[in-house]
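Please work through the exercises below with the sequence and the coordinates open beside you. Each task is followed by a solution that proceeds step by step.

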Amino acid sequence: MPDNVANSPLLEVDDLRTTFTIPTGDVKAVRGVSFTLDRGRTLGIVGESGSGKTVLARSIMRLNLGTNVTTTGTAAFDGNDVLTRSPSEMRQLWGSEMAMVFQDPMTSLNPLVRVQRQVTEHLCRHLNLNRSEARQAAVDLLREVRIPDPDTRLRSFPHELSGGMRQRVCIAVALACEPSLLFADEPTTALDVTVQHQILNLLSREQADREMAMVLVTHDLGVVAGRTDDTMVMYAGTVAEYAPTVSLFADMRHPYSEALMRSIPLTSFPSHTRLAAITGRPPDLIDPPTGCAFSPRCPYVQDHCVNEAPPLVEIDDPAHRLACWTPVGSPEALTAFEKNLAAGLPQAVAVDVSTTWSPTGGVDG
Amino acid sequence: MDTAVDPAVAARRPWIRRFVAKMPWVTRFCASWLIVIVAAAVFADLIPGLADPNYQGFLFGDGATNEGPGLSHFLGTDNNSRDILARIVYGARVSLTVALAAVFMGVVFGGFFGSLVGFVRGKTDSTVMAVVDVILAFPGLVLLLTVVTLLGRRDLVVIATVIGFLSIPPYTRVARANALSISRREFVTAARAIGTKKRTILFREVIPNVLPTLLAYAMVNAAVIILLEGALAFLGLSVEPPTSSWGTMVNASRVDLQINVWPAIWPSLALVFTVYSLNNVGDWLRRLRSVRSAAL
Ligand SMILES: Nc1ncnc2c1ncn2[C@@H]1O[C@H](COP(=O)(O)OP(=O)(O)OP(=O)(O)O)[C@@H](O)[C@H]1O
Ligand code: SF4
Ligand SMILES: [Mg+2]
């Protein structure tokens, strides 16, 4: 059934839940996430710090979550669940099927090893290259990630390169074995703003040239705009909204997505900061709210929201899924907002109505 | 920020010159002393004009006991009319061999086990560390005396082996602590994420990053070992006479201390210089290392 395999999605995640057991309780970092990713497609995962983006990506890659962790659900890669694989079976996937670009290029390269060996070590193992072939492969890779003067750079140690250059090296390392799926976990948050765009463009170009699927994790909606096919907005370990990027930006329905959108003009903030544009803080994941997780911070909150969590359901466009009782733009939402405003609810009062993104022609991404 | 140091320029300068250029002058002096004393110990037999350390000239009407520093014997002679300079140079062999044995066994075995258990954690870790704690709790002097009594001899090999063995546990602890934090660093995860085998990660990522800290520790530890050997020798528990050792020399000088202090002063100075130099160079290496990792 080869054509069956070719048509099946590359990655199919179903009800993934990741829980850390710590002395004070169980941290439910990912609470039932489902999505599919086809070959060669891109998915953006957006959410503020602590929403579980990294944990989700690392759960799928089965990388470094520690020993106090339980993951349930399925994450089928090429039709096979990765969550039940043994470590040695995972090693076969790592590098040649799934690879990852990390947030901080300062710490993700071995400080004692020259660029050349970092780039080619794994190539050599997979392809049995001799010295000069390995060198040529390294030069080609560095050229591909647009590192000027690759012959000289190969002899450099990581600390002799700038942050942007280092991240380019990391990308070269991740691409070396031609993975079919690349996770990029906030690949630009540790970099200067001017370099960020170059790195994102590099990733997009490599993704397209290699027809590789890519998951781009970020806290910045502005990063996924125009770069990914689909976008998943995560909040407190759950999916708030999931849609093709174009239709998400055209018709943003979740109050949390809307709040993220409002915070885009301020996105020069570093990673791991809370969003100033959203009042309150993310919920305690040891004891998350029974109702909608966003309800303590939502300007549109109603009694119903606090009592019952909204399911993720398709709305008008079948590809657009949303977990909210009263989507932004609906008359019920407007009524609820005015009522909250009148009641002096802080999160409603904080909304600067003049800049509020509205589906009918406001800020565009 | 896109071009830090031009690597082409940096690579052209020989690394040893770059290294020395960063040393404060005290450290340069200390490093020179260490090089001189090691070279003298190794090539003692080849040094022209160096006397036989066990030649007792006064027995043959050739020189006196307890001579002060002078032209015929630079540092004077001891109460057996032996040349003090020669005895210090040959005595360095004992001190340095014992220190080298300790460092070698510590770095190789302690470094390996420590890095291994810090990286793999779990049961291996608790087992190895339990053994290490037992060895640390065991009184070293008792072990030394037991081995010496059992073997019935007290030569350099026995002393060096026992002290070397006792050095493994502290190195294991230092290596483990470093390996623990290095294993949590992102580049180890990054190596796993491209399918690197555990064994390769241990040897390529973890151990090379543990080694610099371990070597800086080794310098300081060598100083401790040299003092330890000196103390053992002073107690008469190091290598058997007439083989000279700095501690043995100080011990022997006690008898005639009122008439001649030189036989006590010279080996003590050699000991102090060497220990200070090891500490100074070790500290410098450690500072260099922490500055470098902070810059990364
Ligand atoms: N090893 C762990 N043990 C306990 N809790 C953890 C662990 N790792 C992550 N968490 C918790 O899981 C939650 C989600 O963390 P995660 O790192 O996935 O957030 P994120 O969305 O990637 O945020 P950021 O933007 O800061 O990277 C956080 O509340 C965090 O405290
Ligand atoms: S309106 Fe209700 S359901 Fe929707 S996000 Fe706000 S609190 Fe949650
Ligand atoms: Mg993260």
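The exercises that follow concern a predicted model, and they treat chain A, the nonpolar core and the contact between the chains in turn.

**Exercise 1.** Describe chain A by its secondary structure, its burial and the sequence range of its contacts.

Begin with the secondary structure, where chain A has 14 helices and 12 strands. Turn next to burial, for which 45% of the 365 residues of chain A count as buried. Finally, take the contacts in chain A with a separation of 6 or more, and note that residues 24 or more positions apart account for 66% of them.

**Exercise 2.** Find the residues with the most contacts inside the largest nonpolar core, and follow A:A172 outward from there.

The largest nonpolar core has 166 residues, and those with the most contacts inside it are A:A172 and A:A174 together with B:I163 and B:A222. Helix α4 of chain B, residues 84-120, gives the most to this core, contributing 20 residues. For A:A172, set aside the neighbours within four places in sequence; A:A172 is then in contact with A:V119, A:L141, A:L142 and A:V145, where contact requires C-beta atoms within 7 Å.

**Exercise 3.** Which elements give two or more residues to the side of chain A that touches chain B, and what is the make-up of that side by class?

First count the participants: the contact takes 33 residues from chain A and 24 residues from chain B. The elements of chain A that give two or more residues to its side are β6 (98-101) and α7 (163-175), and α7(A) gives the most, with five residues. By class, this side of chain A has 15 nonpolar, 13 polar and five charged residues.

Notes. Residues are numbered from 1 along each chain as its sequence is written. Chains are lettered from A and ligands numbered from 1 in the order in which they are written. This is a predicted model: local features need pLDDT of at least 70, side-chain atom pairs count only at pLDDT 80 or more; totals for chains, interfaces and linings use all residues. A nonpolar core is a set of buried Ala, Val, Leu, Ile, Met, Phe, Trp, Tyr and Cys residues joined through C-beta atoms within 7 Å. A residue is buried if 20 or more other C-beta atoms lie within 10 Å of its own, exposed if 12 or fewer, and partly exposed in between; C-beta atoms are placed from the backbone. Helices (H or I, at least four residues) and strands (E, at least two) are DSSP runs, numbered from the N terminus. Two residues are in contact if their C-beta atoms, placed from the backbone, lie within 7 Å. Ala, Val, Leu, Ile, Met, Phe, Trp, Tyr, Cys and Pro count as nonpolar, Asp, Glu, Lys and Arg as charged, and the others, Gly among them, as polar.
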